[in-house]
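Here are a few exercises to work through with the model open on your screen. Try each task before you read its solution.

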Amino acid sequence: METFQKLRPDQDLQVYFEQPSAIAALSEASAAAFHLTGEWRQQSDWCVVEWTRDNPIDHPLWRNLPDGDLSGITLQYDEQRTNAIPMDSTLFPTVEWDQLRVWTEHNGISAFHRVPLMPYAQALTGTYQPATCTFTLTGTPAAGDIVGLSWHTEHRTHQAYANETPATIVQALADGFNTFPGGIEATANGNTLELRYIGFPAAPGYRHPGANGNRVGVYNYVKGTGSLTWNEPFAVMSGGTSPALWRLTLPFASILDKDGNPIDWQHVRKLRWTYAAPLSYGEFERMEFAVNISNWTVSGTGTGYRFAGAGSRRLEDSGAVPQYSGTWAHAKGNYSGGSIHWTSEDNASVTVRYSHPQAHELYLGSRAHAAGGNISVSMNGGAPQTQHLQVAGEDNLVRRFLQAMPAGDHEIVLTKTADGSTFYFDFLEIAQPETVFPALPSHSQLSLSTDWDTDHSLSIAPERTVALLRRLGFRGRVNHYVGAMWFYQLRNQGYTHAEATITFTGEPVFGATTELRIGNLDYGPAFDTVFTHLNRAGDSASTIALAFALRINDGSTAIRAEASGATLRIASRRLGIDGNKITAIATPSSGSFHASASATHLEGGADGVWRTDIQATPKLNRAMRDWHRAFFTALAQESIDCVTAYSTELRHGDRSVSEGIAQRYWDQSAVELNTPALQTNFATKSLAFWREIHAESAQLMADGGLVPYLQLGEVQYWYFPNPSGMPFYDEDATAAFLAQFGRPMACIVDQYQNPAAFPDEIQFLRDRLGAFSEGVFSYVKALYPTARFEVLYPPDVNDSSIGQAVNFPGDAWSTANLDCLKTESFIFTLSSNLNKSKETIAVSAQKGFPNAKRAHLVGISDYSSSWRKEMDFALGESLESVTLFALDQFCLVGYPPVGRPRRMQIGFHG
């Protein structure tokens, strides 16, 4: 028996990230802790941890009834960030890394709030220590020499008297720092000056600078006839520290937003915590990050969830009950029951009549999105109520509470109002609320496939993914598809930063002001950031350029800068053409001292593409590694076996001939799939990449306590031609064939050609596929001798003469090399061709594999297909395992779980 709690990390949180450049995942989640880890690949990267009232993940059996009442809850947790902007950062929060964002919604009134976190934070470990820098003054001063240092808008200057020494000048400068506070205190030690950045403690909203001071730059100057000189022209302070571990205590009911406005904590729709890439001083470099959360405690009242328990049911959009009036459209998909209806016609309606023997709560299943609007709901002829289904910038399947209903007969009429919107009708839910979820019967042969490309793995903690399998009763060997989209490292290719230069010429006028205005073409001058510099007595054109570079790098989140002599180079922090919108204007632009800009705005920013970095080590990124290690650990604890699957597709694979990893058609165009992904080839370079991928995956499985089990998932030549011919002609293959046979490969125009007409090509291609497979097997086996291997073979897409001849290298895929041969036939399943499905299941036996080494994968995406009968056929064959593809569809559609009576149909739960 299980209960479900609001805000519990392993039950109720999701993670999302800037795509595609960032990658982030939850792992090691429990009721009291979780880790958020991943990689930043550009300066503007971010990720968020989200709680939402409208649970988008769980199966309807225990998908909590929407409950946004957090008013009785206090949340407390400890947080430590590594390579993420600290919560106490003084940088401008471009993506609210120092705030909790809160969305509320009630009776059509929506609100958005930002809550600063620092007022609710207590430092647990670490202390504030100021950032420091030192300068040493040497030489012989002359009377009247001007010596000084400058930072931000401040400076301290001393004019030398007769008979002074470097030590007395340094002491005078230290006295100036300490007498006139400007954020820096100083200590003189002979002719060496130590500066410590302490900020402005008396200022309103003061945050102790600590590590924030590590960005503060100080430059110096000497002007006169003596021989004085500083050891360095400038320094950026370093060594500042801030607390590393913070305890956050959030008593929601008493929290106001940053403007002092009250928050409707009884009707919260969504919460988001945000984390972002740290601000680089120079050009951004890819880095891993981690946020460790511990001692997570949810206390108070209203912490538990209810769900639709025994006796509940859903009246689906495609059943016999709903009666539609007006023009409605219909589609299948990952909706409750597998379908949804919608209308854009004003006053179109749907009427649902039903009878229920008990008092219950009634919910509407719909879609809240930017083009949604208002609908009128009339219940049993009563006064209509309005439901609001417009949510700017979002698109979610939601449930909305309508009313508590008595037992008996009911008529519900839902009418789209005349507001130009679109109304989606998914279901009405008759809910008998419960708080305890009973255990379900389990099945040791049947399993669900999981997929790290989808939210039911990628966006949630791996412990939650495993809990979904356990609750649904699936105990068979899991087919875990790592996917084609997120597991690898990325590099940017062809991206450039926009930039501009400003050159200062002449002698600065003492006491005059030099100004630099940074803006954006989209917003206009009213939103410019203005940097002003009061020219010091010892300034030169070069120190003016340096002063602006230090100011910009101390905290500008849009640009960075560097000074080379009297030239200031400004570059956008953001990659691509967006940087070309940044304006940069310096004054004075004429006179004896003036600034000349290369352009009025930054130029040269170009959008490139993100590409898989096949040379990176390790090959698997940090988020993938941490999530999967925790996933395998959770499976091992449940005594559930698992195979890790790759299909040699890469969403960001480099299509170029120079990279040499793409399968190619006869006309040399790369094979691009609608995943979207690049189909990789079987050349040496591709093999080197994929064998490392499989070896690293084996290590993760072993780390998690599982015997490594790896699947070559559809590792074959692509099954279909383009107008020029089949995809057998990558540069490595054509060169190898020419070397072996002394002639070019012939063009095989489609998959239905007679293989006998191309004996050399067929044997060559089949051997090449076999060599690739054995290359992976042998490499991993050498490192992990107990590793197991499976091949996924799809007879449906290979239902052709060429496909069957080329795509099954029998010697490599033999019972001696493989622990299992798994079949799939999604095309046959979707077309309800049960004869072909039976033939597919039989293929593994025909290839000589015993039942203990046979498995089958069943596609369940279409509720109206024959997948249940295909599943029963496979189970009847006593295969090692039968897997349903996939977990996300099973939960979103709401299929009845294992062990439920067969009389229960889609849409009934409880």
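In what follows, a residue is buried when its relative accessible area is under 20%, exposed when over 50%, and partly exposed in between (1.4 Å probe, protein chains only). Helices (H or I, at least four residues) and strands (E, at least two) are DSSP runs, numbered from the N terminus. This is a predicted model, in which local features need pLDDT of at least 70 and side-chain atom pairs count only at pLDDT 80 or more, while totals for chains, interfaces and linings use all residues. Residues are numbered from 1 along each chain as its sequence is written, and side-chain values use heavy atoms, with hydrogens and water left out.

**Exercise 1. Get an overview of the protein chain.**

Start with the secondary structure: the chain has 13 helices and 53 strands. Next, take its extent; the C-alpha trace spans about 105 × 85 × 50 Å along its principal axes. Then look at burial, where 56% of the 910 residues count as buried. Finally, turn to contacts (heavy atoms within 4.5 Å). Of those with a separation of 6 or more, 75% are between residues 24 or more positions apart.

**Exercise 2. Trace the sheet that contains E18 and find its edges.**

First, read off the order: the 5 strands run E1-E4-E18-E6-E7 in an open sheet with antiparallel pairing. Two strands pair if DSSP finds at least two bridges between them. Now look at the ends: strand E1 (14–17) and strand E7 (109–116) each have a single partner strand, so one side of each lacks a neighbour in the sheet. On average, neighbouring strands here are turned by 20 degrees against each other, direction ignored; axes are lines fitted to C-alpha atoms, for helices over the stretch in contact, and angles run from 0 to 180 degrees between N-to-C directions. Last, zoom in on E4 (residues 46–52) and E18 (residues 268–276), which are joined by 7 bridges. Cysteine 47 has tyrosine 275 in E18 as its bridge partner.

**Exercise 3. Find which helix packs on the sheet that contains E19, and describe that helix.**

Begin with the sheet itself, an open one of 6 strands in the order E2-E3-E19-E5-E17-E8, paired antiparallel. Its edge strands are E2 (23–27) and E8 (121–125). Within the sheet, E5 (residues 73–82) and E19 (residues 287–300) share 9 bridges, and glutamine 80 is partnered by asparagine 292 in E19. The helix you want is H5 (residues 622–637), which touches E2, strand E3 (34–40) and E19, its direction making about 20 degrees with that of E2.

Now check its length: the 16 residues of H5 reach 23 Å from first C-alpha to last, close to the 22 Å expected at 1.5 Å a residue. That expected span is 1.5 Å times one less than the number of residues. As for burial, 12 of the 16 residues are buried, among them Trp627, Phe631 and Leu635. To finish, inspect both ends. Asparagine 621 caps the N-terminal end, with a side-chain oxygen 3.2 Å from the backbone nitrogen of alanine 623. Just after H5, serine 639 has a positive phi of about 55 degrees.

**Exercise 4. Is threonine 883 buried or exposed, and which residues does threonine 883 touch?**

Locate threonine 883 in strand E53 (residues 881–885). Its relative accessibility is 0%, so threonine 883 counts as buried. Leaving out residues up to four places away in sequence, the residues that threonine 883 touches include Ser447, Arg477, Lys822 and His856.

Definitions and conventions. A polar contact is a pair of N or O atoms within 3.5 Å; within protein, one must be able to donate a hydrogen and the other to accept it, and residues adjacent in sequence count only if both atoms are side-chain atoms.
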